[in-house]
Amino acid sequence: MTATTTPARTNRFAAKCATCAGWVPAETGILSGSRGAWKTTHAGECPAPAARPANAEPGYYVRPTDGKAVKVEQSKRHADRTYGKVLNFPADGSRPSWDYTPGAGYTVADLRPMTAADAAAMGLASGYCIFCLASLGGETLGAAISALIGYGETCAKNRGFYYPKGVAAQRAYLAEHGS
Ligand SMILES: [Zn+2]
Ligand SMILES: [Zn+2]
């Protein structure tokens, strides 16, 4: 008995192309072969692999789709790769954490740079400086300022964000904004 080869037909299910290993969406490619040895290929010429949007530079971003903070870091093993961490706030109000999230924050298309206002809003809402995850507030003048602004002084300096400089400016800020 010889295996009967069915004439080529449209693929009912999405599958990997046997020629280029690219993804063939359902009903767009060609199914050929026979029972036990089905093969899906692109109809006509295989498409060129889609160009990946440019990687985001390491830094802090906001993902507009859900408003989450994303930290893009340079891969130490691959100079041309970055990976993303997403800031998660536990429901119980405890310390937030930057969690490695596969697929998050790879490309500039998904993200916008984080502004001081973004960081401050998240800091004030959670009670933590979102960069170093220190809790905001305390007895010192600086701690009181940080709790009002929404991020700490060192982190502000590292990011180039506004922070009143020096005791006089901080006292004036506290007098104006403190309760
Ligand atoms: Zn193909
Ligand atoms: Zn900080």
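In the protein, 39% of the contacts (heavy atoms within 4.5 Å) with a separation of 6 or more join residues 24 or more positions apart. The model is predicted, so local features need pLDDT of at least 70 and side-chain atom pairs count only at pLDDT 80 or more, while totals for chains, interfaces and linings use all residues. Residues are numbered from 1 along each chain as its sequence is written, and side-chain values use heavy atoms, with hydrogens and water left out.

Turning to the overall fold, the secondary structure comprises 4 helices and 10 strands, taken as DSSP runs (helices H or I, at least four residues; strands E, at least two) and numbered from the N terminus. Their order from the N terminus is β-β-β-β-β-β-β-β-β-β-α-α-α-α. The C-alpha atoms fill a box of roughly 95 × 35 × 25 Å along the principal axes. Of the 179 residues, 34% count as buried (under 20% relative accessible area, with a 1.4 Å probe and protein chains only).

Now to the metal site. The zinc ion (ligand 2) has as its protein donors the SG atoms of Cys 129, Cys 132 and Cys 155, at 2.2 to 2.3 Å; donors are N, O and S atoms within 2.8 Å of the metal (3.2 Å for Na, K and Ca), and water is not among the atoms, so sites may look incomplete. Along the chain, these donors follow the spacing C-x2-C-x22-C. Cys 129 lies in the loop between helix H1 (116-126) and helix H2 (141-149), and Cys 155 in helix H3 (residues 153-159), so the pair ties together parts that are 26 residues apart in sequence. Cys 129 is buried, at 1% relative accessible area, and Cys 155 also counts as buried, at 11%.

Terms used: Chains are lettered from A and ligands numbered from 1 in the order in which they are written. Buried means under 20% relative accessible area, exposed over 50%, partly exposed in between (1.4 Å probe, protein chains only).
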